[in-house]
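Hello,

Here is the structure I promised to pass on to you. Please have a look at it first, and then read my notes below.

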Amino acid sequence: MNKRIIIGVMLLIILVLIIIICIFRNNSYKKNSDKELELTYKTNGGVPFKWEYEIEDKDIVEFVRSYVVEDKNNSKMVGAPIKKKYVFKGLKEGNTTIIFRYVSITDGKVAEEDRNNVKVDKDKNISLILGK
């Protein structure tokens with residue numbers, strides 16, 4: 001009986017960890033409209049890293065703007081988690097990749113990389129190609 005309880009608790013802990021990982025994954029995206037794609041990256045204020053992006057084919061997609069969203073509960077706390085949002089729009093039909101790199105501002109080393117495959121249709125609607 002005790003083994004069943006231990007196994008059940010372990011499985012519950014694993015399930016909770018999987019849910020937490022899915023919730024707090026760095027990258028998320030949102031469609032502002034069919035014409036814009038918003039990608040969100042989390043960081044902490046004051047860390048010596050910054051997110052940089054590279055568009056593989058700048059004839060297909062262009063960067064529009066970025067802005068920071070702070071957690072209202074932690075906005076006055078130094079080093080509090082923040083979300084930086086990057087907005088892109090389609091210029092012409094085709095597929096390309098937007099690569100984000102979490103780069104150290106002290107030595108230029110890349111700590112993390114995330115590739116976003118995007119598609120722009122003939123009407124300049126932009127969307128992520130999921131599963132690639």
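**The aromatic cluster and what surrounds it**

Let me start with the rings: Tyr-41, Phe-49, Trp-51, Tyr-53, Phe-63, Tyr-86, Phe-88, Phe-100 and Tyr-102 are linked into a cluster by ring pairs. Please keep in mind that this is a predicted model.

Twelve aromatic pairs are counted in the model. One of them joins Phe-63 and Phe-88, whose ring centres are 5.8 Å apart and whose planes stand at 70 degrees, an edge-to-face arrangement. This pair ties together distant parts of the chain, since Phe-63 belongs to strand E4 (residues 61-70) and Phe-88 to strand E5 (residues 81-90), with their positions 25 residues apart in sequence. How do the two partners fare for exposure: buried or partly exposed? Phe-63 is partly exposed, at 29% relative accessibility, whereas Phe-88 is buried, with a relative accessible area of 0%.

Val-64 is also in strand E4. Its C-alpha atom is separated by 5.2 Å from that of Phe-88, which is 24 residues away along the chain. With residues up to four places away in sequence set aside, Val-64 touches Glu-36, Val-87, Phe-88 and Lys-89. Val-64 counts as partly exposed because its relative accessible area is 33%, which falls between the cut-offs of 20% and 50%.

Now to the overall fold. The chain has one helix and eight strands, and from the N terminus on the elements run α-β-β-β-β-β-β-β-β. Of its 132 residues, 27% count as buried. If you take the contacts between residues at least 6 apart in sequence, 62% of them join residues at least 24 apart. The accessible surface of the chain comes to about 9,200 Å², and carbon and sulfur atoms account for 57% of that.

Next, the interior. Which residues of the largest nonpolar core touch the most other members? They are Leu-39, Val-61, Phe-88, Ile-98, Phe-100, Val-118 and Ile-126, out of 16 residues in that core. Two or more residues each come from strand E2 (36-44), strand E3 (49-55), E5, strand E6 (94-104), strand E7 (110-120) and strand E8 (126-128). Phe-88 and Phe-100 are named here and are also members of the ring cluster.

Val-61 shows what the contacts of one of these core residues look like. Beyond four places in sequence, Val-61 touches Ile-55, Phe-88, Lys-89, Leu-91, Thr-96, Ile-98, Val-118, Val-120 and Ile-126.

Ser-104 is a polar-named stop on the tour, so to speak, and sits in strand E6. Ser-104 is buried, with a relative accessible area of 7%. Leaving out neighbours within four places in sequence, Ser-104 is in contact with Pro-48, Phe-49 and Lys-109. Phe-49 is one of the residues in the ring cluster. The C-alpha atoms of Ser-104 and Val-47 are separated by 8.9 Å, with the two residues 57 apart along the chain.

Finally, the surface. Ile-5, Val-9 and Ile-13 make a nonpolar patch of about 270 Å². Of these, Ile-5 lies in helix H1 (residues 2-23).

Happy to talk it through whenever you like.

Best wishes

Terms used
Residues numbered from 1 in each chain as written. Predicted model: local features only at pLDDT ≥ 70, side-chain atom pairs only at ≥ 80, totals over all residues. Heavy atoms only, no water. Phe/Tyr/Trp six-rings, centres within 6.5 Å; stacked < 30°, edge-to-face > 60°. Helix = DSSP H or I, 4+ residues; strand = E, 2+ residues; numbered from the N terminus. Buried < 20%, exposed > 50% of the residue type's maximum accessible area, 1.4 Å probe, protein only. Patch = residues over 30% accessible without salt bridge, like charges linked within 9 Å, V, L, I, M, F, W, Y side chains within 5 Å. Areas by Shrake-Rupley, 256 points an atom, 1.4 Å probe, with all protein chains shown as cover. Salt bridge = Lys/Arg side-chain N within 4 Å of Asp/Glu carboxyl O. Core = buried A, V, L, I, M, F, W, Y, C linked by side-chain atoms within 4.5 Å. Contact = heavy atoms within 4.5 Å.
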